[in-house]
Structure formats: C-alpha cells, structure tokens
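The following report describes the arrangement of a structure with more than one chain. The sequence and coordinates are shown first.

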Number of protein chains: 2
Amino acid sequence: MKPVPPASPGLTLAEVDTPALIIDLDAFERNLRRLADAVAGSGVRVRAHAKTHKCAEIARRQVAAGAIGVCCQKVAEAEAMVEGGIADVLISNEIVGAKKLARLAALARHARIGVCVDDARNLLDLREAAARAGVTLDVYVEIDVGARRCGVAPGEAALALAREAARGANLRFAGLQAYHGPAQHLRGNDERRAEIERAAAAVRQTRSLIEASGIACETVTGAGSGSFMFEVGSGAWDEIQPGSYIFMDADYARNEWSAPLPRFEHALFVLAGVMSRPGPDRAVLDAGLKASSVDAGLPTLWQRPGIACVRLSDEHAVLEISRGAAPPALGEKILLVPGHCDPTVNLHDYYVCMRGGLVEALWPIEARGAIS
Amino acid sequence: MKPVPPASPGLTLAEVDTPALIIDLDAFERNLRRLADAVAGSGVRVRAHAKTHKCAEIARRQVAAGAIGVCCQKVAEAEAMVEGGIADVLISNEIVGAKKLARLAALARHARIGVCVDDARNLLDLREAAARAGVTLDVYVEIDVGARRCGVAPGEAALALAREAARGANLRFAGLQAYHGPAQHLRGNDERRAEIERAAAAVRQTRSLIEASGIACETVTGAGSGSFMFEVGSGAWDEIQPGSYIFMDADYARNEWSAPLPRFEHALFVLAGVMSRPGPDRAVLDAGLKASSVDAGLPTLWQRPGIACVRLSDEHAVLEISRGAAPPALGEKILLVPGHCDPTVNLHDYYVCMRGGLVEALWPIEARGAIS
C-alpha cells in the first residue's frame, strides 16, 4: 500500500488526520540558525546527522544553512541522501558484508563518500569493493572515546588501522571518528563537559601518534546535539555531527541547556486525536508505540498544563488529567513532544510542515525504514 | 524510495541482508494449529488480531486455519485487510473524526465491518457516516474490564450505549468488546486467571442487563494470547482476539505457560549482522531501535548461550559475551527474539519466510505504518 499523506497544504492543524508527524517550520528554521551561529568563527565544520530526519529536503536545508554535507548510519540512508542531491556523505558507522560494501562503493560514483572502520579485515573488504567499483572512499578510523560501542581503542590500535588505510589505492585515510553517544544525555552541563574533555585527550593523543608516524590526520569528526560546543571549544575536532538539534525531543529537553550550548526549541511533534474520554481524569489518544518511540521515555504534552501521558500501548496513549486542568474534548487534537526524535521519525512516511497555523508543505521521509 | 526486500527465495539465512524480519514457517504453522486445537470444541470463535502482523497473507492463513476473520486497531489496517481479501473485520477500537468514519463506512461496501464505541456522540457520528455510505456497521460497546484505557464502565453505562446502538438504521448492535490488555502480561497463570474471572463477572452482569432490557447481545469479543483459554473456559466470551500467538516474543516468553494455555513457539526473529568486535567480551550488531522495538524490554538472543543483548541505540545492539561462550565473528548473522512483536513488525516492510534453512517466500507487510 502506498502511504497516504495525513494532510495537504492549506489545511489547519485541526484538519490534519491523526496521528501525524508535525514540524513547526519557524522553530525548525530558528534551530538551524542557532547551530550555525553557535559554531560561526570557530573553524569547525558542521556535518549534520541525517539519521535524525531521514529526509532529503531537510538535508538540503542544512547544507543551505552551512553544513558541508551529512552523515548517515546506514548505506540505505546514504543512498536516499545522494539521490536527494547531497554531494558529501559520511557513514559514521562500520559497514560489513559484500552486498552492502558494493552498494556503498557504487554511491561514490555520484558523491563524496566516507565510512568508518574499526577492523583490519573489514578495511581489506572495503578496499576491494572500492577497487571493483573504480572509486576512492574516505576512511575514518573510529576510536572508542567512552561510548563502549564500536571503535578501536585510542592510541596504537588506531595508528595500526590508520597505517593500513593510508597505504594503497582506492581508500584515502581521512581521519578519526570520535563520537561519545552516552555523554549527550548526561543531564548536567559539567558532566557532559568533563566527559568530552576526557574524550578530547584521547583524540589528541591518537592524532599526535598518527601524525608523528608521518600520516596526515586531516579530520576528526564526531559530537552530537548535547555536547557539540564542548568539542568545538576543545579544539580537538574539525567537524561536528549534530542531528537532534533541528527538532529537540523530550529526552534532550531534560538536559541542562546553558552556555556554551544554545537552547534549541521543540520543532517536532506527534499530532494525536482524543479517541476516548472514559472519565473526568482520563483521556485516550490515537497515537501509541507505532506513532511515538518510548525508548527514551514517554512523550510529553505540548502546552497542556495539568495533563500527563502516563502509558502507551500499540495504538493508544493514556492521559491523566489533573483536577483543575482544562479537559480535552473527544476529537480534539493534541500535540505530543516525542521522547526520542530519531526512532519516532522512522515510524512515519511524511512530515506535515506547519507555519502560521496552516500546512505549508509535506516532506516525504525517503529514508524511513532504510535500515540496511 | 520503494523498499527493497532483504532477500529473495532460495537464499540461505546467511545470505539474507541485515537487518531483516524472519518468520520460521514451521514454527508459525505449528502456532496456528496449536491455537485452533486449543479452542476446538469450545464453540468459541477465533478472530485473530491483525495489528500483530499487518500482513494480508498471514490473515488469509489464519482464516484458512479456522478464524472467522480478523480484528484491527485502525481504519488503515482494516483497509489493507479488506484489500487483501478478508471478508470480516472488526476494528476493536473507537474511531473518531469525520474523515476516518467516512473511510470506515466505505469499507463496509466490501466486507462485514464492526467497530467499537464508548461514547454516545461518537455513536451518532458513526450512524451518520454509515447512512451516508448506505451501509450497516456492526457496533460493539466497549466495556472497561480492568485495562483502564478506553471503554465505558460495565453495567448501566454499557446498557445506555447498547440501547442507542440498537435503535435506528445503519447500525446493528452486535455485542460487547471486553479486552483486558494488562492481564496478558501478568507473569503467573493464576494471576491472569484471577483477572479474567473478575472481567468475566463484569461481562456476565452487563450482558444480563442488556438482554433483560430486551436487546439481543449476540457476541462478546476480547481476549489475547496471554489469557484466551481463561476467557474460553469462563463461558462468558463468544469470540477471542489473540494476535501474538503466531509469533511469540521475549515479553510473552517471560509469562508462565501452562495448561489450559498451549505453549507457543518463537516464530519471529530479527536477523542482525555482527558489524564490530571491539573486544573479547563485546560484539555489536547492525540492528537497533529502528529494527526491534524495546518498549517491552530488550531483544534476547536465539540459541546463543552466554551472549546477552545489553543495550540498543538507533542502529546498534551491543552484546556482552560471557567467558567461555562461543564468540560471534565479524559478519556473522545472529537471530534476535524481539521484546515486543507488534511494534517490531511495524518497523519492517517484508517478512523473510524461512523453511529448511532456505528463504521460501517474502510477504509484504502491507499495513506497516497504517496508523490512521
């Protein structure tokens, strides 16, 4: 079945079918500018993370706002971005397996493509795929700077891979991927700063080691929306990879936001309709786990004081209404701020973009489901 | 972008691209038979819940195994099922709003369509939509038998709605929807039995009240995979709505499964590839929150003793490997049992159906994303 858009341009919010994924265009555009302003003059490049939005239109707007390109987590995401006209894509992740590597290499005929490695055998496979396709891929050695996910240890292990990457044809050693995921969600600014300072020490040591062995280490890339100004301030990163800043979500909103980080606004919402009013203290919305991801907590209600979302099931959100709060009517439409924007976006096929109370545009989420 | 299937018939499991949603067809078919055998002779009908699988091929197989039809949670799901040839669909949920009601009524030109109500105003809207389309809809009054979600209170409130539903044209009062969701996941058999006994008392009292007022209450429908034999045994239900029984998931596997409930097998898996081996005690898979839902807990590993999934991020699953466990190699493919099957299915576009180690079929998940 071809997905049916939940709205068309010119409708009011109340006329949008529910559930729907909503962008407040004014807030979204302010977020784009806030990031650009925050890094202006630092010499650090922005490579926005497209895993957050999965939408070529948004990627093009990020590039128009100064990003040098995007990063993706998957080959299929990168395919959607290149198809959508993005000329510079880094897969900030390891890609394993002959089929995926062949697709990755094929993409490099149409755009500048980078990819991460943390394994010598994978590096050989990558070189072979690039040679077969007759292309050159940028290779970043991923180092584990505290996330305990992928990546080799900083120091000698990274140097060994960098040496391998730097020798021979079809691959170009481009630098280091150093991303500290868990640090993004530490609540206090000082905690995040301290983690990034530790990561920066590992980055500097590894870069020095590589450069001391005569290999250029052109770019260190990493950082996310919760920490990027600490990476910028450290001087150890050349490029940042924020994704969520365009939208914000309920999880990021629980962080402390203070200088040097700019405060981003909620620009992404799930619009839901009240489908049941079983009692004075309860309402049920028509948006559940299949419309809003709960991996980072429940969605929160937007500008509805005294009403809380207390439970999601597949297709329902149960709301508790405090005494004295304005109760929502059956059929009324309510905006939710998703707990975690990235997996929530992946549940939808379109963004409904609002401005001044009216639908201005529908943007297809081309890389929805692009997990391969 | 049109979704690309992760496999084609005849491939081995190792050749399937990752991540992919896998059905073990033998286990799936045994689950179908187990349910049919369990209720055989009881006089209780099976109306399988299609929100679990969202796939017309599976719905047709459920009907072939004895189900009278399916239930859905959303109009868009029902549209996919009717389009796929299912002649009897109950939306086990309230449908609110003129657009959705018009689509619902239009469906009743092609199939028998039922829907739930818990509000008098919604009942009027429903009747108007049915009249406009020139159809008759089956209406079930939903009663809250302990789930504290939608539904009116058992007793007088249900009678009042039944009276309204039973008078006038274009609607037919068909009975009661009585589903106790939270009871499905109480771990002990006795706890689930006790909850369903309480629910059964509410059902009996409400049905008696309605029938005493001269209104036929033809069908009481409800029940899920975790409790259905208690509903069957109570004699208070005419129809059961199990969904997850075809697949099982890690959450349901934590239930006690003993008589009278048959033990279902895991038949649904997420196939993931090892994309990083950063240390002897850690591996990282290429399937994360966008491939396997975590609302009911992390996925578990299938037949890989000593290896546990400890963390998911958007596109990664981090595995901890115990000392002495057989470590997976880079590129190796691993089967995960999803924490919760329904929202996991909704992340994929195809089932890759395996038998005897080979891909036998690809089934499209037509109602993936059908949330409206």
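Which residues does B:Met81 touch, not counting residues up to four places away in sequence? In this predicted model, the contacts of B:Met81 are B:Ala50, B:Ala56, B:Ala59, B:Val70, B:Cys72, B:Ile86 and B:Val89. The residue belongs to the largest nonpolar core, which has 255 residues; A:Met81 and B:Met81 are those with the most contacts inside it.

**Relation of the two chains**

A turn of 180 degrees with a shift of 0.0 Å along the axis lays chain B on chain A with an RMSD of 0.0 Å. The two copies are therefore related as by a two-fold rotation axis. Of the residues of chain B, B:Asp295 comes closest to this axis, its C-alpha lying at 3.1 Å.

**The contact between the chains**

Chain B contributes 51 residues to the contact and chain A contributes 52 residues. On the side of chain B that touches chain A, at least two residues each come from β4 (88–94), α5 (120–133), β10 (268–279), β14 (316–321) and α10 (341–345) of chain B. The most is given by β10(B), with five residues. By class, this side of chain B has 18 nonpolar, 15 polar and 18 charged residues. Because 100% of the interface residues of chain B are also interface residues in chain A, the copies meet through the same surface.

**Domains of chain A**

The domain assignment divides chain A as follows.

| Domain of chain A | Residues | Residues in the contact between the domains |
|---|---|---|
| Domain 1 | 13–21 + 264–364 | seven residues |
| Domain 2 | 42–245 | ten residues |

Taken over C-alpha atoms, the centres of domain 1 and domain 2 of chain A are separated by 34 Å. On the side of domain 1 of chain A that touches domain 2 of chain A, the largest share, three residues, comes from helix α10 (residues 341–345) of chain A. The residues of that side of domain 1 comprise five nonpolar, one polar and one charged.

**Helix α7 of chain B**

Helix α7 (residues 189–212) of chain B has 24 residues, which at 1.5 Å a residue should span 34 Å; its end C-alpha atoms are 34 Å apart, so the two values agree. Among the buried residues of α7(B) are B:Arg192, B:Glu195, B:Ile196, B:Val203 and B:Ile210. The buried residues of this helix pack against α6 (156–166), β7 (171–177), β8 (219–222) and α8 (228–234) of chain B. Just after α7(B), B:Gly214 adopts a positive phi of about 90 degrees.

Notes. Residues are numbered from 1 along each chain as its sequence is written. Chains are lettered from A and ligands numbered from 1 in the order in which they are written. This is a predicted model: local features need pLDDT of at least 70, side-chain atom pairs count only at pLDDT 80 or more; totals for chains, interfaces and linings use all residues. Two residues are in contact if their C-beta atoms, placed from the backbone, lie within 7 Å. Helices (H or I, at least four residues) and strands (E, at least two) are DSSP runs, numbered from the N terminus. Ala, Val, Leu, Ile, Met, Phe, Trp, Tyr, Cys and Pro count as nonpolar, Asp, Glu, Lys and Arg as charged, and the others, Gly among them, as polar. Copies are superposed by least squares on the C-alpha atoms of residues with pLDDT of at least 70 in both. A nonpolar core is a set of buried Ala, Val, Leu, Ile, Met, Phe, Trp, Tyr and Cys residues joined through C-beta atoms within 7 Å. A residue is buried if 20 or more other C-beta atoms lie within 10 Å of its own, exposed if 12 or fewer, and partly exposed in between; C-beta atoms are placed from the backbone. The expected span of a helix is 1.5 Å times one less than its number of residues. Domain bounds come from an automatic or database domain assignment.
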